[in-house]
Amino acid sequence: MSNLNIRTGIKPEEIKQAILDHLHFTVGRSPGLATQNDWYMSVAYSLRDRMMEDWIDTLHRHKKGDFKIVGYLSAEFLMGPHMGNALISLGIDDEVRKAIEMLELDFNIILHQEEEPGLGNGGLGRLAACYMDSLSALGVHAIGYGIRYEYGIFDQQIVEGKQIEISDKWLRNGNPWEILQPNISYAVNFGGHTESYIDDEENYRVEWKPEFQVRGIAYDTPVPGFRNKAVNLLRLWKSEAMESFDFSLFNQGNYAGAVGKKTEAETITKVLYPNDEPEQGKRLRLMQQYFFVSCSLQNILHIQEIRKVSLDELPDAAALQLNDTHPSIAVAELMRLLVDVHNMPWDKAWQITVKTFGYTNHTLLPEALEKWPMELFRSLLPRHLEIILEINHRFLNEVKEQFPGDDQLINRLSIIDESGRRYVRMAHLAAAGSHTINGVSALHTELLKKDVLRDFHHISPEKIINITNGVTPRRWLQLYNPELSALITEYIGDKWTTHLETELQKLIPLAEDATFRKKWREVKQLNKSKLADKVVFHAGIVINPESLFDVQVKRIHEYKRQHLNLLHIIALYNRIKKNPAINIVSRTFIFGGKAAPGYFLAKEIIRLINAVGQVVNNDLDVKGRLKVVFYPDYNVKNSEWVYRAADLSEQISTAGKEASGTGNMKFSMNGALTIGTLDGANVEIRDAVGKEHFFLFGLTTEEVFQHKTKGYQPSNYVESNTELKEVLEMIQSGRFSEGNPGSFNTITDSLLQHDPYLVLADFAAYVTCQETVSATFSNQEEWTRKSILNTAGMGYFSSDRSIREYCEKVWKVPVTSK
C-alpha cells in the first residue's frame with residue numbers, strides 16, 4: 001500500500017484506493033453505507049485530484065506577466081457533465097473503469113449519476129463551453145467568467161402534452177468539481193447617486209455614492225486540456241450580502257429582517273435569466289449582468305497588479321471577449337475602474353478599453369439585441385449611465401467629423417435610442433467599445449454588415465470580421481459516440497481528436513469501401529437501438545430502430561420552425577388516412593427542446609407536437625410507419641443519445657434568422673444528413689460536405705426579404721396548395737384535440753394571418769425535399785456513403801479551428817499546443 005500514489009497515481013489500484021479514501025475521508029461514508037451519489041462524488045474528487053497539480057502550475061504561470069490572458073465573459077456556460085470530459089482529457093478512461101470494476105460497481109451508473117449544471121439556455125452557453133475546452137486543448141491561458149446560478153435552466157416535464165417548468169436543483173447533491181475561493185471576492189455597487197469634485201491636481205473627478213453593495217465570491221472549476229497538462233479555470237461568481245446577519249434586528253425579534261440583506265443579495269445569482277417581462281425581471285437581469293462583469297473586471301485588474309503589469313499595458317496582458325450583448329456593460333465598467341478608481345485620463349482609458357475588448361454578436365433578431373430603459377439604468381447604475389452618455393457624445397462627435405451633415409446616420413449609430421422611451425442600446429455600446437466585432441458564420445457576418453450593424457460597418461469597414469462557430473470533437477464525437485470514434489480511429493488513427501480539419505478528410509476514400517460502410521451502418525444501428533431504449537424510458541413510446549430517425553432538437557422558437565416539421569408530419573398522416581396501403585418510408589420524428597416560460601406560442605407548439613403524436617402513434621392505419629416523439633427535458637446530458645443516433649438533422653430555420661447554429665455541426669459530425677435552408681452555418685456545412693450530400697430547400701435570405709417587402713400574404717399559399725389547406729383544417733377541426741375545434745387557434749391564426757417566419761411559403765418545397773430524403777434513405781448503401789462524407793467534411797467545424805482564428809485575428813495570442 002505504501003508504494004501507491006493515492007493522490008495523483010493513474011494505475012487502477014491507485015485510483016481504486018483514492019476512491020475509497022475520498023469515500024471515507026471526504027464524503028464520510030463506508031462502502032456498505034454508500035449511495036450511488038456517494039460513489040460518484042468519491043470518483044469525481046479522485047479525478048479532480050489528478051488535475052490539481054497542473055491547475056496550480058497554471059495559476060503560478062498566471063502570476064507571470066510575459067503572456068496575454070484571455071478573459072471570456074459569458075452570461076451562460078452550459079458545460080455539461082464534467083466526469084466524462086475529465087476522463088478523456090486526462091487519458092485515464094480505461095484505468096478508472098478498471099478501478100470501479102475492482103470495487104464491484106457499474107461504471108455507467110456512476111458516470112450518469114452526475115447532475116448537469118444547467119447554466120445556460122442552449123447554443124450560446126454550449127458554445128462557450130466548447131470554446132473553454134478548446135482554449136485548454138490549445139494551451140491558451142484563459143479564464144471563463146460567468147455566474148454561478150443556484151438554479152439553472154428549468155427542468156422540463158411534459159404533463160398532458162404541456163410543458164411544465166420545474167426548478168433545476170443542480171447543486172442539491174453537492175458539486176465536487178468546483179472550489180470555493182473565499183479570498184477572491186469583490187464589492188459590487190448598485191443604486192445611489194454620484195458627486196463630482198475637483199481634486200488637488202485640478203482634475204475633474206466623480207465619486208459614486210451607492211445605495212447598497214453586494215459581494216461577489218469566486219467558485220473555480222478546472223477545465224482540463226486534452227492530454228497536454230494544461231488546466232484553465234472557469235470562474236463563476238456567487239452574490240452574497242456584505243453582512244449576512246443583523247444582530248440588532250434579531251435581538252428586536254425581527255428574525256426575517258435579520259437575514260433580509262442576505263436574501264436580497266443572493267437573489268442576484270439565484271436563477272438563470274429571470275422572466276424580464278415585468279419591470280422587476282428587467283431590473284434583476286441587468287443586476288446579474290453588471291454583477292458578474294464588475295467582479296470579473298476587478299479580478300482581471302487584480303491579476304495584472306499581481307503580475308506587476310501597468311494598466312497602460314493592459315491590452316498587451318489581457319484580451320477580453322464579450323460573448324454576445326449580455327456582458328457589454330463591461331465597456332462602461334472598465335472605463336469606470338480606469339477613470340474613477342485608478343485616476344486615468346479619459347482619452348487614455350478609452351484607448352485601453354477599446355484595445356482590450358472584442359465583441360461577438362450572436363443574433364440577427366432585433367429582440368435579442370438588448371436595450372435597457374434609461375430610467376432603469378439611472379436607478380441601478382447612475383455612474384455608468386453618465387459614462388455611457390459621455391462615450392456616446394464623444395463617439396458621435398467623431399462620426400460627425402467623418403460624415404458631416406448626416407443626422408440620420410448619427411441617430412442610427414447613437415448608443416441611446418431616442419425614439420419614444422429612451423433606451424441604452426447594449427449592442428451599440430459593445431460595438432463602439434471594442435476593437436473587433438465578429439459574426440459567427442459567413443452568412444451571419446454578411447448580414448451584420450448589410451443590416452444589423454451596417455452603420456458601424458459603414459464607418460469602420462475593417463472592424464467586422466467572421467469567425468464561424470465550432471464544436472469540440474472531444475465531447476461530441478469521442479465521448480458521446482465511442483463506437484463511431486473507435487471505428488474512425490481503427491481506420492485513420494487518433495490524431496483527429498486534436499487535428500480534425502486535416503484528419504477527418506482521410507475518411508473520404510473509405511466511403512467507397514463496402515466493408516467500412518457495413519461497419520458504419522452497424523454502429524449507427526447500435527446507436528439507434530440505444531436511443532430507442534431511452535425513448536421508451538423517458539417518453540413511454542416504442543419506436544422502430546430500423547425506421548428513419550428524423551430529428552429536430554433545439555430551443556423551441558417560431559423562427560426555428562418546429563411547426564413546419566409538424567405540418568409535414570400531418571401531411572404524411574393525411575396521405576395514409578386517404579390510402580392506408582400507400583408505400584411510405586417508415587419514420588420516427590424526434591423533437592426536443594425547451595420553450596421560454598413566457599413564450600406562449602412556443603409552448604403551444606410543444607402541446608401540438610404531443611397532440612399529433614398521441615393521434616398518429618395510436619392510429620391502426622398507420623401501422624407504426626410514423627411515430628412522433630417529444631423527448632422531455634432535452635439537455636447536454638440527454639443529447640449524448642440523440643446526436644449519434646440521428647439519420648436526418650432538421651435545420652429548417654427561416655433563411656436570415658439563425659446566426660450560425662451548432663447543433664447542425666454536431667449532427668453532421670456524427671454522420672447525420674441535413675435537410676435545411678441556406679441559413680446560418682448551413683451554408684458552409686453544405687459547401688464542406690458537398691452540395692449533393694445536403695438536402696436543400698426553401699427561400700433564400702434575399703427571397704425572404706423580397707416577400708416581406710412586397711407584402712407577404714400567407715393565405716395565397718394555402719389556397720394554391722390543397723394538401724397544405726387540408727393539414728391546417730385538420731388542426732383547426734379538432735382532429736388532434738379530441739374533437740375540440742379551435743384548440744390550437746393560436747398557431748393556425750398566427751400562420752394564416754401573419755406567418756412571420758414564412759412557414760407556409762416554404763411548405764411545398766419542404767415536402768418535396770422530404771420526398772427526396774425518403775427515396776435516398778431507401779438505398780442504404782448510398783445513404784451510408786453520404787453519411788460518411790458528412791462526417792469527413794466536418795473538420796473545419798471544430799472549435800479548435802475557431803479558437804485558433806480568435807487567437808490570430810482578435811486576441812493576438814499564440815497557440816502553444818499543436
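The following legends describe close-up views of a predicted model. Local features are reported only at pLDDT of at least 70 and side-chain atom pairs only at pLDDT 80 or more, whereas totals for chains, interfaces and linings use all residues. Residues are numbered from 1 along each chain as its sequence is written, and side-chain values use heavy atoms, with hydrogens and water left out.

**View 1. The open sheet of nine strands.** The strand order is E5-E8-E9-E2-E1-E10-E11-E15-E16, and the pairing is mixed. Strand E5 (179-190) and strand E16 (464-466) form the edges, each pairing on one side only. From one strand to the next, the twist averages 25°. Helices (H or I, at least four residues) and strands (E, at least two) are DSSP runs numbered from the N terminus; two strands pair if DSSP finds at least two bridges between them. Strands of a sheet pair through backbone hydrogen bonds, either parallel or antiparallel.

**View 2. Strands E2 and E9 with the helices packed on the sheet.** Strand E2 (residues 142-147) and strand E9 (residues 231-241) run parallel and are joined by five bridges. Within this pairing, Leu-233 of E9 is the bridge partner of Ile-143. Helix H2 (residues 36-62) packs on the sheet and touches strand E1 (69-73), E2, E5, strand E8 (212-224) and E9; the direction of H2 makes about 85° with that of E9. Helix H13 (residues 346-356) also packs on the sheet, touching strand E10 (318-323) and strand E11 (357-360), and the direction of H13 makes about 45° with that of E11. Contact means heavy atoms within 4.5 Å. Axes are lines fitted to C-alpha atoms, for helices over the stretch in contact, and angles run from 0 to 180 degrees between N-to-C directions.

**View 3. The buried strand E10 and its neighbours.** Six of the six residues of E10 are buried (under 20% relative accessible area, with exposed over 50% and partly exposed in between; 1.4 Å probe, protein chains only). Ala-318, Leu-320 and Leu-322 point one way from the strand, while Ala-319, Gln-321 and Asn-323 point the other way. E10 runs parallel to E1, to which five bridges join it, and Tyr-72 stands opposite Gln-321. Four bridges join E10 to E11, again in parallel, with Leu-322 opposite Tyr-359.

**View 4. Aromatic pairs between helices.** The structure holds 22 aromatic pairs (ring centres of Phe, Tyr and Trp, the last by its six-membered ring, within 6.5 Å; planes under 30 degrees apart are stacked, over 60 edge-to-face and the rest tilted). The rings of Phe-395 and Phe-456 are stacked, because their centres lie 5.9 Å apart and their planes are at 5°. Phe-395 lies in helix H15 (residues 382-402) and Phe-456 in helix H19 (residues 454-459), so the pair ties together parts 61 residues apart in sequence. Phe-395 is buried at 11% relative accessibility, as is Phe-456 at 4%. Tyr-643 and Phe-667 form an edge-to-face pair, 4.6 Å centre to centre with 65° between the planes. Tyr-643 lies in helix H26 (residues 636-643) and Phe-667 in helix H27 (residues 663-669), so this pair ties together parts 24 residues apart in sequence. Both Tyr-643 and Phe-667 are buried.

**View 5. An aromatic cluster and arginines over rings.** Tyr-72, Phe-77, Tyr-131, Tyr-806 and Trp-811 form one aromatic cluster. Arg-307 lies over the face of Phe-67, at 4.8 Å from the ring centre, and Arg-801 over the face of Tyr-796, at 3.9 Å. A charge sits over a ring if NZ of Lys or CZ of Arg is within 6 Å of the ring centre and within 35 degrees of the ring normal.
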